[in-house]
Amino acid sequence: MDTRNPRNWAPRTLAAQALGRIDEASRAIVPPIHVTTTFLRDPDNQYRSGNIYGRADNETVREAEAVIAALEGAAAAMVLGSGMSAATSVFLALRPGDHVVAPKVMYWSLRNWLMTDAAAWGLSVELVDMSDLGAVRAAVRPGATKLVWAETPANPLWSITDIAGVAEIAHAAGAVLAVDSTCATPLLTRPLEHGADLVMHAATKYLNGHSDVVAGALATARTDALWERIRRNRAVLGQILGPLEAFLLIRGMRTVPLRVQAACASALDLAERFSRHPAVAEVLYPGLPTHPGHAVARRQMVGGFGGMLSIRLRGGEAAAVATAARVELWKRATSLGGVESLIEHRASIEGAGSPCPPDLLRLSTGIEDAGDLFADLDRALRAANA
Ligand code: PLP
């Protein structure tokens, strides 16, 4: 094995060094941010550099993409202006009349878009229990289904999808499988190795990790016609990530293995402790043997079960809202995957049609001390239930 090839490095090594690239002109260890919107033509009117215009071409963006492709073991990656932009770009690269199968339990904003807007593009969308291979098999229509969309672990119940099982069903029907792997991160699961064709990340979350960039990413098993349509749409519709955000994303990714490792350890610790808490009816975390997706998660996730968990309170919705009101260290905010821990009453934000129970609090475990995190939430739970 050639150890000089960054593709052969461990994720921690390639992330820390952003693939070890330096700026050839200055020998800078941290490559410069390329902000130019346009590029010089050769005297004979050619563009031999391959760079024409900033809506399609940016070197800092390419550097971020190279790191993501290496982390995912992908043929190529693309970064876009948000996770939603990355996700919808896959659906918008389909053709009118195409049938899509997506999960009932998934990121709510994308589910809303699929339910309310996707039809305007001629897509017919069917939602299924993606953790049930029988249900997926019954939903796909050979020849008509072009895309199966999965998310694992899935918001906000942390349902687990058997990627290899769903990939087999999708491929037999002639469809591609795309996986929103935001919460697994490439450190815990590499969906392409399990048969997925596309991987999507809200890079806003763990990849960047510092709650200061909105970004999305796609990674592909092969640069086929679908990938080229997505790439062309990104250029034409102007969905590319800005170079300053791409730089921050590269900087954030240098520590993603360490942050994910810390978040996984704390989340498991908290899941175990809250399982024994008198105010807590149920803890939803794929790392607990009681979670319905635990067996598949053990097979599919390496090094941990993620930093996301949810707790359901014995006192119902009122207790959940009152608990969130009383935390101090945990921050009451939407989003996830940052260094700071966040707590959210999801039903309030997800609204009608959500599978989220009203007594549920979603926890995004950051990298703080797990004892401090437990103490703060324990105090809030006891005060809310007093
Ligand atoms: N997918 C998942 C799992 C998410 O949690 C989110 C955002 O919360 C998204 C996609 C959308 O990402 P963004 O907010 O960057 O558009």
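1. Let me start with a residue that is easy to pass over. Ser354 is buried, with a relative accessible area of 19%. Buried here means under 20%, so the label for Ser354, at 19%, rests on that cut-off. Please keep in mind as you read on that this is a predicted model.

2. Staying with Ser354, its place in the chain is the loop between α13 (346–350) and β12 (360–364). Its side chain makes a polar contact with the side chain of Glu350, at 2.7 Å. Glu350 belongs to the α13 range, 346–350, so if you have the model open, the pair Ser354 and Glu350 is a good place to begin looking.

3. Next, the ligand. Which residues come nearest to the ligand? Out of the 14 residues around it, they are Gly83, Met84, Asp180, Thr204 and Lys205. Sorted by class, the shell holds six nonpolar, five polar and three charged residues. Two elements, α3 (83–91) and β6 (198–202), each contribute at least two residues to this shell.

4. Some of these neighbours can be described atom by atom. Gly83 places a backbone N or O atom 2.8 Å from an oxygen atom of the ligand. For Met84, too, a backbone N or O atom lies 2.8 Å from a ligand oxygen. Thr204 takes part through its side chain, where an N or O atom is 2.6 Å from an oxygen atom of the ligand. As for cover, the ligand taken alone exposes 390 Å², and the protein buries 91% of that.

5. Where does the ligand sit among the pockets of the model? The space it takes is the largest pocket.

6. Now a helix residue, Thr323, which is found in α12 (residues 316–326). Buried or exposed? Thr323 counts as buried, because its relative accessibility is 0%. A polar atom of the Thr323 side chain lies 2.7 Å from the backbone oxygen of Ala319, so you may like to view these two residues together when you turn to α12.

7. Last comes Ile52, in the loop between α1 (11–16) and α2 (59–72). Ile52 has a relative accessible area of 43%, and is therefore partly exposed. Its C-alpha atom is separated by 7.9 Å from that of Leu40, a residue 12 positions away along the chain.

Definitions and conventions: Residues are numbered from 1 along each chain as its sequence is written. This is a predicted model: local features need pLDDT of at least 70, side-chain atom pairs count only at pLDDT 80 or more; totals for chains, interfaces and linings use all residues. Side-chain values use heavy atoms; hydrogens and water are left out. A residue is near a molecule or strand if one of its heavy atoms lies within 4 Å of it. A polar contact is a pair of N or O atoms within 3.5 Å; within protein, one must be able to donate a hydrogen and the other to accept it, and residues adjacent in sequence count only if both atoms are side-chain atoms. Accessible areas come from the Shrake-Rupley method with a 1.4 Å probe; for residues, only the protein chains shown count as cover. On a 1 Å grid over the protein atoms alone, a cavity is a set of points where a 1.4 Å probe fits but cannot get out, and a pocket is an open set with protein on both sides within 12 Å along at least five of seven lines; lining residues have an atom within 4 Å of a point. A molecule sits in a cavity or pocket if more than half of its atoms lie within 2 Å of its grid points. Helices (H or I, at least four residues) and strands (E, at least two) are DSSP runs, numbered from the N terminus. Ala, Val, Leu, Ile, Met, Phe, Trp, Tyr, Cys and Pro count as nonpolar, Asp, Glu, Lys and Arg as charged, and the others, Gly among them, as polar. Buried means under 20% relative accessible area, exposed over 50%, partly exposed in between (1.4 Å probe, protein chains only).
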